[in-house]
Amino acid sequence: MLAQQLLNGLVVSGVYALFSLGFTLVFGIQRILNLAHGAVFMTGAMVAYYTVDGGGPLWLGFILAIVVSGLLSVLVEIICFRRLRKTGDEEFGGVVSSIGAGLVITTIAQQVSNTQILRFPFETFPVVIFRFWDLRVSMLQLFMAGAAIVMVLILGYLFYKTAFGRRVRAVTDNEHAAMLMGINPNRIYSQTYFLAGALAGAAGVLVGLAFNSISFVMGDPYLMFGFAIIILGGLGSIPGALLASVVFGMVQTLTIAYLPSGLTDTIIFAALFLILLIRPHGLLGQEDAGNLGGRR
């Protein structure tokens, strides 16, 4: 039983990692919280649903969800943050405007879905169960874990092995110096927001498939959990967000399995509070938040 719950926790952790990494990317490069991120997450799930409901294959819905969510995230950056960045008021003003953008996106989704809970058609994803020793693993769980691992590896490669990653770190460290080196910060911000939105959209599809329940408010709890994860991991730290996602997903799964459901969130956030008392800057954070790599 314990081994099964640990396996379930790892799968859940992968979804949290995709969502929280997008959150972390934006904070790491701009030191601001994009509170429209949950609405982008929800949009990805809805795009996949309507693609499948219209007769398209799931793989097409998954790709469209990633692209549309990424582009929507870029649009949020242009409308909510770019002009404010020029005035130096993106920290507070950006948070307020991103809340407004999230409400607009959510309201549009509410009207499109007619306030209904949407469910993928039966057998959108094959119901196949594999057994390994005493463990039960569904094909959907394997797909969720595989998709999360592939996307995290791609993100790691982009940020730590390519010129794009070096440009992002240059803009993060000193935007003015990066401009003197010929780097266009606006382009870097747009590309980073696209990646953040793409990760959120993929996470939305995976959650929609796992629970077969999609609604216009589904992003709200994940926004709260994502916020807790990036604080736990260390603001702006990609490795910290990954580690915190695993911790958060495992603790949540185990508390749901072995404790009364009403205590789950209480225990999770109490544990978060205790960890931050010991490590105020998070598991892999540092005093100067905003470093995408974690520790220097």
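Against which helices do the buried residues of H6 pack? I took this up as the opening entry on what is a predicted model.

**Entry 1: helix H6.** I looked up helix H6, which spans residues 163-173, and listed its buried positions: Phe164, Gly165, Val168, Ala170, Val171 and Thr172. I then traced their packing partners, which are helix H1 (2-30), helix H5 (139-161), helix H7 (175-180) and helix H8 (185-211). I noted a general point on spacing: an α-helix has 3.6 residues a turn, so residues three or four places apart point the same way.

**Entry 2: Ser20 in helix H1.** I turned next to Ser20, which lies in helix H1. Is Ser20 buried or exposed? I recorded Ser20 as buried because its relative accessibility is 0%, and the cut-off for buried is under 20%. Leaving aside residues up to four places away in sequence, I found that Ser20 touches Gly226, Ile229, Ile230, Ala241 and Ser245.

**Entry 3: the largest pocket.** I looked up the largest pocket and noted a volume of about 380 Å³. Its lining comprises 18 residues, and those closest to the pocket centre are Asn8, Val12, Met144, Ala210 and Phe211. The elements that contribute two or more residues to this lining are H1, H5, H8 and helix H10 (238-258). Which element supplies the largest share of the lining? I assigned that share to H1, with six residues.

**Entry 4: salt bridge.** I searched the whole structure for salt bridges and obtained one. Glu77 pairs with Arg82, and their closest N and O atoms are 3.0 Å apart. I checked the accessibility of both partners and found Glu77 and Arg82 buried.

**Entry 5: a nonpolar surface patch.** I noted a nonpolar patch on the surface formed by Met1, Leu2, Leu6, Tyr258, Leu259 and Leu263. Together these residues have about 570 Å² of accessible area. Within the patch I examined Met1, whose place is in the segment before H1. Met1 counts as exposed because its relative accessibility is 66%, and the cut-off for exposed is over 50%.

**Entry 6: Val112 in helix H4.** I located Val112 in helix H4, residues 90-113. Why does Val112 count as exposed? I entered Val112 as exposed because it has 52% relative accessibility. How far is the C-alpha atom of Val112 separated from that of Arg136? I noted a separation of 37 Å between these two C-alpha atoms, the residues being 24 places apart along the chain.

How values were computed:
Residues numbered from 1 in each chain as written. Predicted model: local features only at pLDDT ≥ 70, side-chain atom pairs only at ≥ 80, totals over all residues. Heavy atoms only, no water. Buried < 20%, exposed > 50% of the residue type's maximum accessible area, 1.4 Å probe, protein only. Helix = DSSP H or I, 4+ residues; strand = E, 2+ residues; numbered from the N terminus. Contact = heavy atoms within 4.5 Å. Patch = residues over 30% accessible without salt bridge, like charges linked within 9 Å, V, L, I, M, F, W, Y side chains within 5 Å. Areas by Shrake-Rupley, 256 points an atom, 1.4 Å probe, with all protein chains shown as cover. Salt bridge = Lys/Arg side-chain N within 4 Å of Asp/Glu carboxyl O. 1 Å grid on protein atoms, 1.4 Å probe; cavity = no way out; pocket = protein on both sides within 12 Å on 5 of 7 lines; lining within 4 Å. Points joined across faces, edges and corners; volume = space filled by probe spheres on them.
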